[in-house]
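Colleague: I have a model open and want to learn how to read it. Can you take me through it, feature by feature?

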Amino acid sequence: MRELVLNQRAHFNAGATQNLAYRKELLIKFRETLQKNESLFLEAIKADFHKGAFDTYVTEFAMIYHELEQALKNMKKWAAPKRVKTNVLNQPGRSYIYPEPYGTVLVIGAWNYPYQLSLVPAVSALAAGNTVIIKPSELAAHTSKAMAYVFNNAFSPQVLYVHEGGVEETTELLKEKFDKIFFTGSTKVGGIVYQAAAKQLTPVTLELGGKSPAFVFPDANLDVTARRLVWGKFLNAGQTCVAPDYVMVHADVKQKLLEKMKAYIQQFFGDNPFDSQSYIRIINERNFDRLTGLIDKEKVYYGGTCNKKELFIEPTLLHQVSFDDAIMQDEIFGPLLPVIEFTALEDAVKKVRALDKPLALYIFSKSESHIDYVMANISFGGGCINDTVMHLANSYLPFGGVGNSGMGAYHRKFGFDCFSHQKSILKKGYSFEPLFKYPPYTFDKLKWIKRVMSVS
Ligand code: NAD
């Protein structure tokens, strides 16, 4: 492992990745490698959790291809030094920001979107001129193996290497000195990674989870709201970091929303979702047991059927839920949707604020005052007004959390910047300079410096 990191660092230090043509070659090869091996990757993800071709294309491959295209198209512009204003004190002079690659970076992925969460950051890191070690999640064992097999055959380990392993291997890897660590996963493990990085003063981006609420107001279009909530929640069987974790619905429209959500579950997945080709499985027994333990049978409004052998949990709606229930204590990360009613918005917002800052938040309303109130009073990573999950699919928006849901952000240019240090440069000539900044200091000089420094 040490040799791998040292070799990558030597390659970086030799200046290879500074060259934009070389970076471009790497990204083109990356795209070809992905294209050539799509069917192998599809088989692997099907074996991991029954994820089909449509789901995989939309939520995994499409995002990686998009990032590759964007990086190939814009890399030169993103990597170029940018001229910025120079203040009066530094005149005559020019100021620039030079983005420079960090060096050797480690990308640790989560299992729920195993390709996208490992490969999108890797694309940004390569575009920014870094060498990359990817550590995919061991829980999605087939996709981890497929990525290691495919990418380690296509790329020199000096520039890109997929290192498989679980807790033990990651712990060892984290003892090495990296120039940047990009982690996607739970808040708990994010803390472990952050501590390990701190020992080496390594900068980190943490893409974590949390309980993401969806607010539904009486003036919302309930039909569209129900469709978008059901889609966002049961996509990937609820195993999505930005899935609406729970619904806060106004008491006046609660019953109607429940009925409509039930109808959309039936429309999307049929009366027997077990047979649906559009519905996937829980990743493993541990998560299956954790999730089934959260189903309070008395509170099931719809669904609730489970099959341990097949790791299947039906899309399930729960009602009459309160903030004290077990299901409201941690991120659910599965196909269970608790619905909590509210009457006074201020109280509802207070309850949400009492929990950790969510990764996402959704508001369904036509009223600017409702929207403004929620936006102004709850801190969260990002979200949508009148939709769920889709903000993630607009790469012009930075994607990341805040507080316990993460730090830093990526996607497109934000991804490039996430893997770049912004080097600040002031360039001066030899002609004029204000001599009053030099000693010996006098009262007159102080008067001048005060005047000049107050001008930007
Ligand atoms: P996890 O934290 O268990 O694992 C993530 C990675 O950390 C894996 O590669 C794993 O091997 C490694 N790991 C696990 N334990 C470790 C330890 N003790 N020391 C070092 N490394 C360790 O998370 P998960 O189960 O793979 O993913 C689910 C969580 O990730 C959810 O909370 C979800 O919300 C979050 N998530 C966030 C995003 C995001 O973009 N913000 C995306 C997907 C998932």
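Modeller: We start with the ligand and its surroundings, then turn to the backbone. Keep in mind that this is a predicted model.

Colleague: Which residues come nearest to the ligand?

Modeller: Begin with the list of neighbours. Here 26 residues surround the ligand. Gly109, Glu138, Ser186, Leu208 and Glu331 come nearest.

Colleague: Which side chains place an N or O atom 2.6 Å from an oxygen atom of the ligand?

Modeller: For polar contacts, look for N or O pairs within 3.5 Å. Serine 186 has a side-chain N or O atom 2.6 Å from a ligand oxygen. The side chain of glutamate 331 also places an N or O atom 2.6 Å from an oxygen of the ligand.

Colleague: What lies 2.7 Å from a nitrogen atom of the ligand?

Modeller: A polar backbone atom of leucine 208. Next, read the cover. On its own, the ligand has 850 Å² of accessible area, and the protein covers 90% of that.

Colleague: What kind of space does the ligand take?

Modeller: The largest pocket.

Colleague: How do the residues of the shell around the ligand divide?

Modeller: Sort them by class. The shell holds 14 nonpolar residues, eight polar ones and four charged ones.

Colleague: Which domains and elements supply the shell?

Modeller: Check the domains, then the helices and strands. Domain 1 (2-208 + 408-421) and domain 2 (213-400) each give at least three shell residues. Among the elements, helix H7 (167-173), strand E6 (180-184) and helix H8 (187-199) each supply at least two.

Colleague: Now the backbone. What should I look for?

Modeller: Look for exceptions, because most peptide bonds are trans and most residues other than glycine have a negative phi.

Colleague: Where are the cis bonds to proline 92 and proline 440?

Modeller: Read omega. Between glutamine 91 and proline 92 the bond is cis, with omega about -5°. Proline 92 sits in the loop between strand E1 (82-84) and strand E2 (93-101). From proline 439 to proline 440 the bond is also cis, with omega near 0°. Proline 440 belongs to the loop between strand E18 (420-428) and helix H15 (443-453).

Colleague: Is phi of asparagine 386 positive or negative?

Modeller: Positive, near 70°, in a residue other than glycine. Asparagine 386 is in the loop between strand E16 (382-385) and strand E17 (406-407).

Methods
Residues numbered from 1 in each chain as written. Predicted model: local features only at pLDDT ≥ 70, side-chain atom pairs only at ≥ 80, totals over all residues. Heavy atoms only, no water. Near = heavy atom within 4 Å. Polar contact = N/O pair within 3.5 Å; in protein donor to acceptor, adjacent residues only side chain to side chain. Areas by Shrake-Rupley, 256 points an atom, 1.4 Å probe, with all protein chains shown as cover. 1 Å grid on protein atoms, 1.4 Å probe; cavity = no way out; pocket = protein on both sides within 12 Å on 5 of 7 lines; lining within 4 Å. Sits in = over half its atoms within 2 Å of the grid points. Helix = DSSP H or I, 4+ residues; strand = E, 2+ residues; numbered from the N terminus. Nonpolar A, V, L, I, M, F, W, Y, C, P; charged D, E, K, R; others polar. Domains from an automatic or database assignment.
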